[in-house]
Amino acid sequence: MLRRFKDYLIVTLKGIAMGAADVVPGVSGGTIAFISGIYEELISSIDNINLGVFKVWKKDGFLAAWRSINGGFLLALFTGIAISILSLAKLIKWLLHNEPILLWSFFFGLVLASILYIGKQINKWSLVTVLALIVASVGSYFITLAEPFASPDSSLYLLFCGFVAIIAMILPGVSGAFILLLLGAYETAINTVNNLLEGLSTGNVDLLKDALFKFLMLGIGAIIGLKLFSKILNWMFKHQKNLTLAILTGFMIGSLNKIWPWKRVLKTRINSEGQEVTLLDESIWPTNYQGDNQLTIALVLVLVGFLTILILEYLGRKKPNA
């Protein structure tokens, strides 16, 4: 597919949206890729990256090898993801601690609209697809009730976290950040990004070395998981698309509990910075919320999130000129 600069810029903007979603537990960058019309191209492009690329490079040159893996598309997309994660990590962390209701309200609207969008892509319902949707919904819901594990303290565990999280990040309806939260590695991942930037900007070598090591462990695990799981996803979309979409829709329905804006804290813990943070909570009605439930502005942000999906869906329908 031939693209102009404007087309690549749009892909980068979609990558920025994916990166923003991936930073927040409960929201999937894969969902953004799906509703913006680039999901199957992303999975197919990743699947094309193999040792055969080097044979093409040797025989026909670098440009031919680059085109064989859709390199321009992947570079534009992952550039956007990197820009978003590096720039938003500190902001998202602040919002999670200081304005959680407003942040979760926006993403609740986003995911709610995504459920409707992905669900309507199922063009043939059967008993199997209905059962798959129900099982995935129930399974995803119980995942949201799970208590996070202890924070990782070994390089192998960070490698494993990166492997599992990237699978979720490219899977619509499953939040990679939430998986990191369940594994106890979410705070580590956010702090790693922030410490990496702080180490670079201040010249703190010790901070930079520690952050870079953790970043590499998460990154290596992510690369392995991305490559292995892309083959499975690529096959599923080609041969069992309706079933796959039903499972993804179910995952998203179940995940709504995790991103419900109004929560009651059940258990807390002390993080590495000595701050008391939530370990386990439960969803409650806004009227039962202790304190200002910010209901009016929260509902507005739910609507904004919902409309954001409609805009991305519109952009996804606009095909780049060939």
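This briefing covers the nonpolar core, a surface patch, the salt bridges and two buried residues of the structure above. The model is predicted. Its largest nonpolar core holds 61 residues, and a nonpolar patch of about 860 Å² lies on the surface. The count of salt bridges comes to 3.

**Nonpolar core**

- Within the largest nonpolar core of 61 residues, Met18, Phe34, Leu42, Leu77 and Tyr186 touch the most other members.
- Helix H7 supplies the largest share of this core, with 10 residues.
- In soluble globular proteins, nonpolar side chains tend to be buried together.

**Nonpolar surface patch**

- The patch of about 860 Å² is made by Trp125, Leu127, Val130, Leu131, Ile134, Val138, Tyr141, Phe142 and Leu145.
- Trp125 sits in the loop that runs between helix H7 (100–119) and helix H8 (127–144).
- The relative accessible area of Trp125 is 45%, so this residue is partly exposed.
- Trp125 can belong to a patch because members need over 30% relative accessible area, and Trp125 has 45%.

**Salt bridges**

- Side chains of opposite charge can pair when their charged atoms come close.
- Arg4 and Asp7 form a salt bridge through their side chains, with an N to O distance of 3.8 Å.
- The two partners differ in cover: Arg4 is partly exposed, at 44% relative accessible area, whereas Asp7 is buried, at 8%.
- The Arg4–Asp7 pair counts as a salt bridge because the cut-off is 4 Å and the N to O distance is 3.8 Å.
- Lys214 and Asp210 form another salt bridge, and their closest N and O atoms are 3.5 Å apart.
- Both residues belong to helix H12 (residues 205–239), where they are 4 residues apart and therefore separated by about one helical turn.
- Lys214 is partly exposed, with 27% relative accessibility, and Asp210 is also partly exposed, with a relative accessible area of 37%.
- A salt bridge also joins the side chains of Arg264 and Glu282, at 2.6 Å from N to O.
- This pair links distant parts of the chain, with Arg264 in strand S1 (residues 263–270) and Glu282 in strand S2 (residues 276–283), 18 residues apart.
- Arg264 is partly exposed at a relative accessible area of 37%, and Glu282 is partly exposed at 32% relative accessibility.

**Thr249 in helix H13**

- Thr249 is part of helix H13, which spans residues 241–255.
- With a relative accessible area of 4%, Thr249 is buried.
- The Thr249 side chain reaches the backbone oxygen of Leu245, at a distance of 2.8 Å.
- Not counting residues up to four places away in sequence, Thr249 touches Ile115, Ile118, Gly119, Ile122 and Leu133.

**Gly80 in helix H6**

- Gly80 is found in helix H6 (residues 71–98).
- The relative accessible area of Gly80 is 0%, so Gly80 is buried.
- Leaving aside neighbours within four places in sequence, Gly80 is in contact with Thr12, Gly15 and Ile16.
- Between the C-alpha atoms of Gly80 and Ala20 the separation is 9.6 Å, and these residues are 60 residues apart along the chain.

Key. Residues numbered from 1 in each chain as written. Predicted model: local features only at pLDDT ≥ 70, side-chain atom pairs only at ≥ 80, totals over all residues. Heavy atoms only, no water. Patch = residues over 30% accessible without salt bridge, like charges linked within 9 Å, V, L, I, M, F, W, Y side chains within 5 Å. Areas by Shrake-Rupley, 256 points an atom, 1.4 Å probe, with all protein chains shown as cover. Helix = DSSP H or I, 4+ residues; strand = E, 2+ residues; numbered from the N terminus. Buried < 20%, exposed > 50% of the residue type's maximum accessible area, 1.4 Å probe, protein only. Polar contact = N/O pair within 3.5 Å; in protein donor to acceptor, adjacent residues only side chain to side chain. Contact = heavy atoms within 4.5 Å. Core = buried A, V, L, I, M, F, W, Y, C linked by side-chain atoms within 4.5 Å.
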